[in-house]
Structure formats: C-alpha cells, structure tokens
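Good morning, colleagues. I should like to take a few minutes to present one structure, beginning with its surface and ending with the chain as a whole.

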Amino acid sequence: DVYKRQVVAKATFREGAEGFYLDTESPFPLYQTDTRTPLGILPRDDLPKYNAGVDLIVIGKAHAPKAVTSMKVSFQIGKNFRRDLLVFGERKWEKRGEGFKPSSPLEFSEMPLSHEVAYGGRTKVKIGGDMEVEVSYPLNPEGKGFVLQEEEVEGTPLPNLENPNEPILNWEDHPTPVFW
C-alpha cells in the first residue's frame, strides 16, 4: 500500500543572481505548527500525505516590473508540470444595474501568492429572524470573496488570485481557491 510507505523530504531553494539554488546554509526548519513568514504561511510538516506524488509549496510574491492592475504568473518544472495564476489588484463587488460586477482592480507592484488573498474567507448568514451565524468557506477559511447572501455582496472584497480556467464572473461562483 503506497500510503504506508512514505518518505518525507524537505529542501529550501532560494533565488540568487544566477537563478535558484539549494540553500544548505539556512534552510527553513521543520515546523510543528503552521508558521507565518514574511512571504506567507509555511504549513506544519506533519500533515498526512494522501498522494503517491510530490507536494510542492511555493511561498513568495508576484512582482510586476511596473505597477499593473493584473498579471499572469506561472510556475513550471520540466516540460510536463505547469501551474498558472491570474493576479489582480484590490477589487470589490459593485452594484451595476440589476446585478453585481467586480470593480476595476487597483494597481499593484507586488502581491503575495498566499491563501489569504485567494478565494475563501468567512461570511455572516442570517437564519430565522435576527439570528446570524458565521460561515467559513471550508477549502480556505482565511481567504476573501466568499459571500452567500445577496444583501452582503456589495463592497465585499474579491480575491487577488484566480485560476485562469475558472474566473469569478458572478457573486454566486465558489471556485476552488488557487495559491502556492
């Protein structure tokens, strides 16, 4: 059974003048808890592995050569593994006519590629008369953009990261969060 034979290895690569290199002098340590870093959260190292492949975690920021409102970033290893993200400046839902549309994104020079700016988050939902409960998006409770009731849509921030193949077009869309 592949799940009983597991090897966990961790390596830290950094970017230098000539590209990426293996950092053997100051690699990230093994973590017992999720750990916040200046580039994003590193997950704890004891999470169970459910696949027979390799898990890759990339923490960092998208850097634009000049201020932009959106950009596409890609991560590729070899010829067969590639992941793309659309990165947007801050935006929110605006009321237009009978519906809601995303506002124009603000300019940015850098944007974290973390779960906190990906789709998800928490929203309040009214149940019964005046009672409210907080509901979290189960795939990413720390993100943004998650809303369930139309009266809560206007002004809700949209995520900064989207899957190019699954853009958010409607406030009722609930895409799989994308981040590295």
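Let me begin with charge. Asp 130, Glu 132, Glu 150, Glu 151, Glu 152 and Glu 172 together form a negative patch on the surface. Please bear in mind that this is a predicted model.

I shall take one member of that patch, Glu 150, as an example. Glu 150 lies in the loop that runs between strand S14, residues 144-145, and strand S15, residues 161-162. Is Glu 150 buried, partly exposed or exposed? Its relative accessibility is 42%, so Glu 150 counts as partly exposed; the partly exposed class lies between under 20% for buried and over 50% for exposed.

The surface also carries a patch of another character. Phe 13, Phe 20 and Leu 22 make a nonpolar patch of about 370 Å². Of these residues, Phe 13 belongs to strand S1, which covers residues 13-16. Phe 13 counts as exposed because its relative accessibility is 53%, and the exposed class begins over 50%.

I turn now to the whole chain. What secondary structure does the protein chain contain? There are 15 strands and zero helices. The protein chain has 180 residues, of which 29% are buried. The area that the chain exposes is about 12,100 Å², and 52% of that area comes from carbon and sulfur atoms.

Finally, a word on contacts along the sequence. Taking contacts between residues at least 6 apart in sequence, 48% join residues that are at least 24 apart.

Thank you for your attention.

Key
Residues numbered from 1 in each chain as written. Predicted model: local features only at pLDDT ≥ 70, side-chain atom pairs only at ≥ 80, totals over all residues. Heavy atoms only, no water. Patch = residues over 30% accessible without salt bridge, like charges linked within 9 Å, V, L, I, M, F, W, Y side chains within 5 Å. Areas by Shrake-Rupley, 256 points an atom, 1.4 Å probe, with all protein chains shown as cover. Salt bridge = Lys/Arg side-chain N within 4 Å of Asp/Glu carboxyl O. Helix = DSSP H or I, 4+ residues; strand = E, 2+ residues; numbered from the N terminus. Buried < 20%, exposed > 50% of the residue type's maximum accessible area, 1.4 Å probe, protein only. Contact = heavy atoms within 4.5 Å. Lys, Arg positive; Asp, Glu negative; His and termini not counted. Charge placed at Lys NZ, Arg CZ, Asp CG, Glu CD.
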